[in-house]
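Visitor: I like to know what stands behind each label that a structure is given. Could you take me through this one, reason by reason?

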Amino acid sequence: MILYYMPGACSLSTHISLRETGEHFNLVRINPKNNKTETGENFLSINPDGNVPTLKLPDQRLITDCAAALSYVADTFWHTGISPEPGSPRRAEMDVLLAEIERELHVQFAPLHQKTTDIVARDAALARLAVEFEKYETLFSDGRKYLLGRAFSVADAYLFVAINWAGISGLNIFRWPHVGDFSDRMRSRPSVLAALRAEGLLAE
């Protein structure tokens, strides 16, 4: 497998999840300014949409959506402990979480990533995000360590990336103590530390 990524983008969740599996994969960085890979290849010749994550499978097929890439990793490597068994009620619960993170968190950051967004639209986006993070604060208040309970899943990697974006966007995630604890817990996982270092996001 080859994972095409941009540092700190949603592809980080796939990066973390692949490291959790212990399976071999290659990592290729994309420069968003010119859509070139780190070796100078035109990324648009690989994925014309220019989206990350772009996960190239051994048979050369591409997965170009974040939730879809996470679902593929979960389906293929669930036996490594990164997901409940496919077809199980717990797996359905994880799929719901992936969809909610994509729909209710991921997309809300779009205006915050655009330089043309005015202050009114920015404040509105931050307010919507605050409502969503309040839901996760309530979820974690029952003492669970991860979204599905005590075990990590790929959905946790996706939520962790959204929390990172919140901090960059000026939303103080530690106003929600349980969410802040979850973020700290994730940062202590070897897979997360390794992915952050590999993407140049962790100061040594």
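Guide: Gladly, and let me say early that this is a predicted model. A good place to begin is N35, with a relative accessible area of 21%.

Visitor: Why is N35 called partly exposed?

Guide: The class in between runs from 20% to 50% relative accessible area. N35 has 21%, so partly exposed is the right label. The residue is found in the loop between β2 and β3.

Visitor: What makes the phi of N35 worth a remark?

Guide: Phi of N35 is near 55°, a positive value in a residue other than glycine. Most residues other than glycine have a negative phi. Q60 also has a positive phi, near 80°, and Q60 is placed in the loop between β4 and β5.

Visitor: Why is the peptide bond from V52 to P53 called cis?

Guide: Its omega is near 0°. Most peptide bonds are trans. P53 itself lies in the loop between β3 and β4.

Visitor: In what order do the five strands of the sheet stand?

Guide: They run β3-β2-β1-β4-β5, in an open sheet with mixed pairing. β3 (36-37) and β5 (62-63) each have a single partner strand, so they stand at the edges, and one side of each is left without a neighbour in the sheet.

Visitor: How do you know that β2 and β3 pair?

Guide: Pairing calls for at least two bridges between the strands. Two bridges join β2 (residues 26-31) to β3, and these strands run antiparallel. On the residue level, K36 in β3 is the bridge partner of N31.

Visitor: Which strands does α1 touch as it packs on the sheet?

Guide: α1 touches β1 (2-5), β2 and β4 (54-56), and its direction makes about 150° with that of β1.

Visitor: S11 lies in that helix, α1. Why does S11 count as buried?

Guide: Buried means under 20% relative accessible area. S11 has 0% relative accessibility, so it counts as buried. Leaving aside its neighbours within four places in sequence, S11 is in contact with L3, Y4, Y5, M6, V52 and P53. The last two of these are joined by the cis peptide bond, from V52 to P53.

Visitor: Is F109 buried or exposed, and what makes it so?

Guide: F109 has a relative accessible area of 0%, so it is buried. F109 is found in the loop between α3 (89-105) and α4 (119-140). Beyond its neighbours within four places in sequence, F109 is in contact with L129, F133, A162, W165, A166 and S169. For a sense of distance, R61 is 48 residues from F109 in sequence, and their C-alpha atoms are 29 Å apart.

Visitor: I173 and F174 are in the loop between α5 and α6. What accessibility class does each have, and why?

Guide: I173 is at 6% relative accessibility, under the 20% cut-off, so it counts as buried. F174 is at 49%, which lies between 20% and 50%, so it counts as partly exposed.

Visitor: What do I173 and F174 contact, apart from neighbours within four places in sequence?

Guide: I173 is in contact with F133, I163, A166, V179 and G180. The C-alpha atoms of I173 and I163 are 7.0 Å apart, with their positions 10 residues apart in sequence. F174 is in contact with G180 and D184.

Visitor: Why is D184 called partly exposed?

Guide: D184 has a relative accessible area of 43%, so it falls between the 20% and 50% cut-offs. D184 is found in helix α6. Its C-alpha atom is separated by 9.5 Å from that of F160, 24 residues away along the chain.

Visitor: How much space lies in the largest pocket, and which residues are closest to its centre?

Guide: About 530 Å³ of space lies in the largest pocket. Of the 23 residues that line it, P7, G8, A9, W165 and I168 are the closest to its centre.

Visitor: Which helix gives the most to the lining of the largest pocket?

Guide: α5 gives the most, with five residues. α5 (154-168) and α6 (177-187) each supply at least two residues of the lining. By kind, the lining residues divide into 15 nonpolar, six polar and two charged.

How values were computed
Residues numbered from 1 in each chain as written. Predicted model: local features only at pLDDT ≥ 70, side-chain atom pairs only at ≥ 80, totals over all residues. Heavy atoms only, no water. 1 Å grid on protein atoms, 1.4 Å probe; cavity = no way out; pocket = protein on both sides within 12 Å on 5 of 7 lines; lining within 4 Å. Points joined across faces, edges and corners; volume = space filled by probe spheres on them. Helix = DSSP H or I, 4+ residues; strand = E, 2+ residues; numbered from the N terminus. Nonpolar A, V, L, I, M, F, W, Y, C, P; charged D, E, K, R; others polar. Buried < 20%, exposed > 50% of the residue type's maximum accessible area, 1.4 Å probe, protein only. Contact = heavy atoms within 4.5 Å. Axes fitted to C-alpha atoms, helices over the stretch in contact; angles between N-to-C directions.
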